[in-house]
Amino acid sequence: MKRTVFRNRWLPYLLVAPQVAITLVFFYWPAFDSVRLSLYRASPFGDRLIFVGWGNFARLFSDAAYVRSAITSVLFAFIVTVVGLALALVLAALANTKIRGLGIYRSLLLWPYGIAPAIAGILWLFIFHPSYGVLPYVLSFVTAYQFNWFLKGWVAMTLIVVAAVWKQFGYNLAFYLAGLQGIEASVLEAASVDGAGPVRRFLAITFPLLSPVTFFLFTLNMTFAFFETFGLVHSVTQGGPGDATSILVYKAWKDGFENLQLGLSAAQSVVLMAVVIGLTALQFRFAEKKVTY
Amino acid sequence: MRRTRHLSTSAAAALVLLSAVFVLAPAPALAKTEIHFWHAMTGVLGERVNEIASKFNATQNDYEVKAIYKGDYTTTLNAAVAAYRAKQPPHVVQVFEVGTQTMLSSGAVYPVYQLVKDNGVSIDWNDLIGPVKSYYSTAGNLSSMAFNSSTPILYYNKDLVKKAGLPDKPPATWAEVESTAKKIVGAGAKCGFSTAWPSWVLVENMHGWHDQPFADKSNGFDGLAMTLKINGPFGVKMMEFLARGSKEGWYTYNGRGPKGEANMGAGECGIFISSSAYIAGLTRASEGKFTWATGSLPHMEGFPQGNSIIGGATLWVMKGAKPEEYKGVAQFFKYLASTENQAWWAGITGYLPLTQAAVKAMEASGVYAKSPNLKTSVVQMNAGKTTPNSQGLRLGNYGSVRDAIEEQIENVFAGKKTAKQGLDDAVAKSDDILKEFAALYK
């Protein structure tokens with residue numbers, strides 16, 4: 001790597017200063033402020049600030065709804081990640097074969113990633129809506145079961161899982177496709193010569209060789225499902241029915257912005273911050289060590 | 001990733017530059033005093049609000065009201081909170097009824113009756129229609145300026161009612177709602193009866209309408225409410241009734257907020273309860289497709305008559321502005337309360353006319369004769385009896401309380417919990433939320 005030498009020893013600092021300033025102002029400052037606020041019971045207009053120490057956290061962890069929300073989030077993130085990765089891997093393998101019009105297929109497969117989560121939510125809302133949705137209409141010919149996700153929690157959950165998987169699909173596919181193209185054809189040919197069939201080749205060679213990509217995508221998708229699905233939930237289910245789709249990030253937003261319980265919301269965002277720090281640390285530690293390259 | 005970051009950097013830089021320009025811009029010579037009015041009205045309603053501002057501006061030369069759309073109710077309230085904390089509050093902000101107690105407790109508002117008195121303006125508060133006055137008054141004095149108030153009313157699809165072979169009139173009791181909805185479903189309709197704004201319509205309003213307490217301390221009017229009363233005999237009976245409807249298929253729950261309106265507007269539902277402000281929306285949705293009419297809320301036999309509770313929003317005056325600006329705000333409010341403005345506003349929006357004089361003016365001008373549905377809410381509220389149970393609701397963290405209620409009624413309608421169990425759980429959760437608010441303002 002080329003090492004750049006600056007003549008003026010202050011110039012490099014000056015050049016990075018805007019980025020550092022922005023990081024400090026937009027990332028560190030709010031983060032520290034959340035931590036501070038999480039220790040208080042605060043009024044919306046800021047006229048009352050009562051120190052409660054761990055009170056907000058104690059309230060959170062003793063609240064059955066919060067524990068349920070945590071379980072829902074983990075479940076949601078896990079399903080989105082596993083289903084999303086499996087689907088992307090299969091389709092990437094297919095899109096990696098030599099067929100006509102491959103460029104078109106690939107572009108179409110990558111497309112959903114360019115759509116904002118809230119828009120994706122609205123699209124799925126139109127497909128799933130109990131009264132004007134296409135899917136319930138089609139299903140009504142097959143079964144008399146009512147797929148009303150205003151009342152049935154599992155239908156609502158399925159809906160946002162599908163929407164989230166679809167939303168993140170293009171991104172996952174792009175990485176898998178790149179990973180697949182990085183695998184030397186000669187390795188696979190050698191295996192064929194040794195008599196390994198396509199399934200064996202995939203399981204014994206391709207999949208292990210893709211493990212760094214899989215691990216990277218795993219953490220990334222977990223983070224996505226935990227934090228960036230807010231728009232989806234907000235535009236489709238609003239956390240309901242009951243609290244079936246009330247994931248942590250949605251609950252934190254709702255308690256803070258809709259209900260103006262700022263201290264409680266700050267405590268929730270501190271918990272979320274801990275989760276994302278944990279996930280990132282996990283990625284840095286294990287991605288380097290445990291994964292075969 | 002990198003690219004977005006660069007983009008956000010330049011966006012931030014542009015923002016800094018822009019704000020610098022605004023700060024440095026010289027004040028225009030001979031400036032009118034500006035009054036900033038933050039609101040949450042979109043679409044047609046947003047245009048009407050702009051119209052109000054420009055009409056007021058045309059009446060005089062000293063003040064200029066700038067109506068600024070800030071996003072939905074929640075976003076607008078949050079923007080006002082942020083602005084107040086940054087010591088740059090708007091003069092007037094529109095806050096939905098859920099935020100009433102938050103505003104009252106905030107210490108950040110200048111009560112309207114006081115503002116009007118201090119600035120030598122006279123508005124006849126006694127002419128305000130009862131429920132509007134009671135909801136937003138403290139000790140008989142109006143805290144915020146009534147603006148857009150609505151109340152739930154019953155809508156019915158005339159075509160579906162006719163198809164079911166029923167007389168063309170709204171059901172007056174819940175028993176009639178049941179029998180009508182059953183027949184409508186029996187005649188092949190998808191949904192016999194549905195609702196929007198579940199907690200507001202089915203819990204809050206039903207308690208007021210049947211003169212039942214919703215929360216302690218007269219629904220929070222005599223001090224900070226600490227416990228809900230919705231799991232009493234009436235609340236449970238009402239919920240059991242609806243849960244049975246959901247199970248038997250003549251009541252269709254269609255989600256929170258205004259979501260159910262989509263089904264009514266599509267012509268699927270026979271009977272529907274939503275805000276009177278839905279008249280404008282339903283008029284547009286049903287055009288050329290089906291006919292409908294409205295009626296008063298149905299009554300549950302064996303319980304007394306109270307009144308329906310209003311929803312919507314009022315205008316709050318924020319502390320921290322200059323005296324001459326407040327003078328302008330007082331003038332603006334005087335204009336808002338004028339019969340001319342009230343009659344015009346109610347006639348085009350479906351919101352309640354806020355004064356008796358406006359009701360009379362609308363009667364005289366033939367608006368009601370032309371669109372009788374606009375009058376339903378007024379008739380309903382004037383026929384009802386405003387008691388401590390139906391004067392309104394004043395709860396801290398009201399939004400969270402509503403969430404807690406809606407979560408549980410969804411569990412009840414889905415058959416996951418009994419009515420009693422669901423309401424008990426909603427009360428337990430709400431009490432915790434209310435106590436948290438009370439602890440903040442003890």
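How many residues of domain 1 of chain B are in contact with domain 2 of chain B? The last legend has the answer. Everything here comes from a predicted model, where local features need pLDDT of at least 70, side-chain atom pairs count only at pLDDT 80 or more, and totals for chains, interfaces and linings use all residues. Residues are numbered from 1 along each chain as its sequence is written, while chains are lettered from A and ligands numbered from 1 in the order in which they are written.

**View 1. Chain B as a whole.**
Chain B comes to 20 helices and 12 strands; these are DSSP runs numbered from the N terminus, with helices being H or I of at least four residues and strands being E of at least two. Along the principal axes, the C-alpha atoms of chain B fill a box of roughly 70 × 55 × 50 Å. The radius of gyration of chain B is 23 Å, which agrees with the value near 22 Å for a compact globule of 442 residues. That radius is taken over C-alpha atoms, and the globule rule is 2.2 Å times the number of residues to the power 0.38. Of the 442 residues, 52% count as buried, meaning that 20 or more other C-beta atoms, placed from the backbone, lie within 10 Å of the residue's own (12 or fewer is exposed, in between is partly exposed).

**View 2. A five-stranded open sheet in chain B.**
Follow the order E2-E1-E3-E12-E6 through this sheet of chain B, which has mixed pairing; two strands pair if DSSP finds at least two bridges between them. Strand E2 (63-69) and strand E6 (145-150) of chain B sit at the edges with a single partner strand each, so one side of each has no neighbour in the sheet. On average, neighbouring strands of this sheet are turned by 20° against each other, direction ignored.

**View 3. Strand partners, pair by pair.**
Start with strand E1 (residues 33-39) of chain B, which pairs with E2(B) in the parallel sense over seven bridges. Look for B:His36 opposite B:Lys66 in E2(B). E1(B) also runs parallel to E3(B), joined by two bridges, and here B:Phe37 stands opposite B:Val92 in E3(B). E3(B) then runs antiparallel to E12(B), with five bridges between them; B:Val95 faces B:Thr314 in E12(B). E3(B) is mostly covered, with four of its five residues buried.

**View 4. Two helices lying across the sheet strands.**
Helix H2 (residues 43-59) of chain B lies across E1 and E2 of chain B, at about 170° to E2(B). Helix H14 (residues 323-337) of chain B lies across E1, E2, strand E3 (92-96), E6 and strand E12 (311-317) of chain B, at about 55° to E1(B). Axes are lines fitted to C-alpha atoms, for helices over the stretch in contact, and angles run from 0 to 180 degrees between N-to-C directions.

**View 5. Where domain 1 of chain B meets domain 2.**
An automatic or database domain assignment gives the bounds: domain 1 (34-150 + 311-370) and domain 2 (152-305 + 397-440) of chain B. Taken over C-alpha atoms, their centres are 28 Å apart. Nine residues of domain 1 of chain B are in contact with 11 residues of domain 2 of chain B, where contact means that C-beta atoms, placed from the backbone, lie within 7 Å.
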